[in-house]
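Biologist: I am new to this structure. Please pick one part, look at it closely, and then show me what surrounds it.

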Amino acid sequence: MTVQETPETVAQALQHALVGADLPDSFTLLGREWSLHRGVFPSTLSAATEVLASMVPYPPGGSFLEVGCGTGVISVTAALHGCASVTALDINDKAVANTAANAERHGVSDRVRVLHSDMYEALRPSDRFDAIFWNVPWTYVEDDFPLSTVLHSAVFDPGYQGQARYLTGAHEHLADGGRLLLGTADLGDRQRLDTIAEKAGMRVELLRHVRRIEEVRVMEYHLLELHTE
């Protein structure tokens, strides 16, 4: 079931992430301390990062790509879980620096490559990965919704154009037998996502779902896998 959340509600959390004077410069998640740079969407504003980082099937000894790495929790966790190489992408240059700082903080800089990138643009044509993952901005808004700051792309996906690009561009960077994964929540428009996947010749499988009690609601987080038909 899709749960509606207004853009205004999401924008309030976004504004706090941009200018909140009370935000610390670090946070604890998954039993580790992480650096937080101002202008990067905090990984603790919801349980999404913690839940999805615990659900993603990291390929041990393999290669892992994260789109929209944010603070870098999932990319660094992939390296700590035995991935031989991790590539982390983000359109926000502050998130790129934040992820690089957390990779260094946890001793995996040699395995985590961080690139400033709009979707897959910064990748080489030869780059292939055993798993590709994106914790998507699930808040649906219309195509003409203005993304007025770099942080808006962390929470809004106008017309789900970003998710469409994620699906259609992934085949160029998946290794043989590679897995295309997507993290979302019951606030997302699953019917719209299914339609996008169908147009891309894919079907969506729900791998796992977890319900968490949060400050103002019960959230249900979904780990999805996309399969080519």
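Modeller: Strand β10 (residues 202-213) and strand β11 pair in the antiparallel sense, over 11 bridges. Two strands count as paired if DSSP finds at least two bridges between them. Strands here are DSSP runs of E with at least two residues, helices are runs of H or I with at least four, and both are numbered from the N terminus. This is a predicted model, so local features need pLDDT of at least 70 and side-chain atom pairs count only at pLDDT 80 or more, while totals for chains, interfaces and linings use all residues. Residues are numbered from 1 along each chain as its sequence is written, and side-chain values use heavy atoms, leaving out hydrogens and water.

Stay with β11. One of its bridges sets leucine 224 opposite leucine 206. Strand β9 (residues 174-185) also pairs with β11, antiparallel, through six bridges. In that pairing, alanine 185 faces tyrosine 221.

Is β11 enclosed or open? It spans residues 218-228, and nine of its 11 residues are buried, so the rest of the structure largely encloses it. Buried means under 20% relative accessible area; exposed means over 50%; partly exposed lies in between (1.4 Å probe, protein chains only). Tyrosine 221 sits in this strand. Its relative accessible area is 0%, so it counts as buried. Its C-alpha atom lies 6.3 Å from that of arginine 211, though the two residues are 10 apart along the chain.

Now look at what packs here. Helix α7 covers residues 190-199, and its buried residues are Leu193, Ile196 and Ala197. These three cover an arc of only 100 degrees around the axis, which puts them on the same side of α7. That arc is taken from the directions between the helix axis and the C-beta atoms. An α-helix has 3.6 residues a turn, so residues three or four places apart point the same way. The other side of α7 has exposed residues: Gln191, Glu198 and Lys199. The buried residues of α7 pack against α6 (161-170), β9, β10 and β11. After α7 comes glycine 201, with a positive phi near 75 degrees.

Leucine 167 links several of these pieces. Setting aside residues up to four places away in sequence, Leu167 touches Leu180, Leu193, Ile196, Ala197, Met202 and Leu226. Contact means heavy atoms within 4.5 Å. Leu167 also belongs to the largest nonpolar core, which has 61 residues. Such a core is a set of buried Ala, Val, Leu, Ile, Met, Phe, Trp, Tyr and Cys residues joined through side-chain atoms within 4.5 Å. Phe64, Tyr120, Ile132, Trp138, Tyr166, Leu167 and Leu180 touch the most other members of that core.

Phe64 leads us to another group of strands. Strand β3 (residues 63-67) pairs with β4 in the parallel sense, over five bridges. There, glutamate 66 stands opposite alanine 88. Between these strands the chain passes through helix α3 (residues 73-80), in a right-handed β-α-β crossover. Right-handed means that, with the strands pointing away from the viewer, the path from the first strand over the helix to the second runs clockwise. Seven of the eight residues of α3 are buried, so the helix is largely enclosed by the rest of the structure. Glycine 82 follows α3, with a positive phi near 105 degrees.

Strand β4 (residues 85-90) is mostly covered too, with five of its six residues buried. β4 and β5 (residues 112-116) pair in the parallel sense over five bridges. Valine 86 has valine 112 as its bridge partner in β5. Helix α4 (residues 93-105) carries the chain from β4 to β5, and this crossover is right-handed. Asparagine 102 lies in α4. It has a relative accessible area of 0%, so it is buried. Its contacts include Trp34, Ser35, Thr71 and Val76, not counting residues up to four places away in sequence.

What about cysteines? Cysteine 69 is buried at 5% relative accessible area. Cysteine 83 is buried at 1%. The structure holds zero disulfides, a disulfide being a pair of cysteine sulfur atoms within 2.5 Å.

Last, step back to the chain. It has seven helices and 11 strands. Of its 229 residues, 51% are buried. Among contacts with a separation of 6 or more, 64% join residues 24 or more positions apart.
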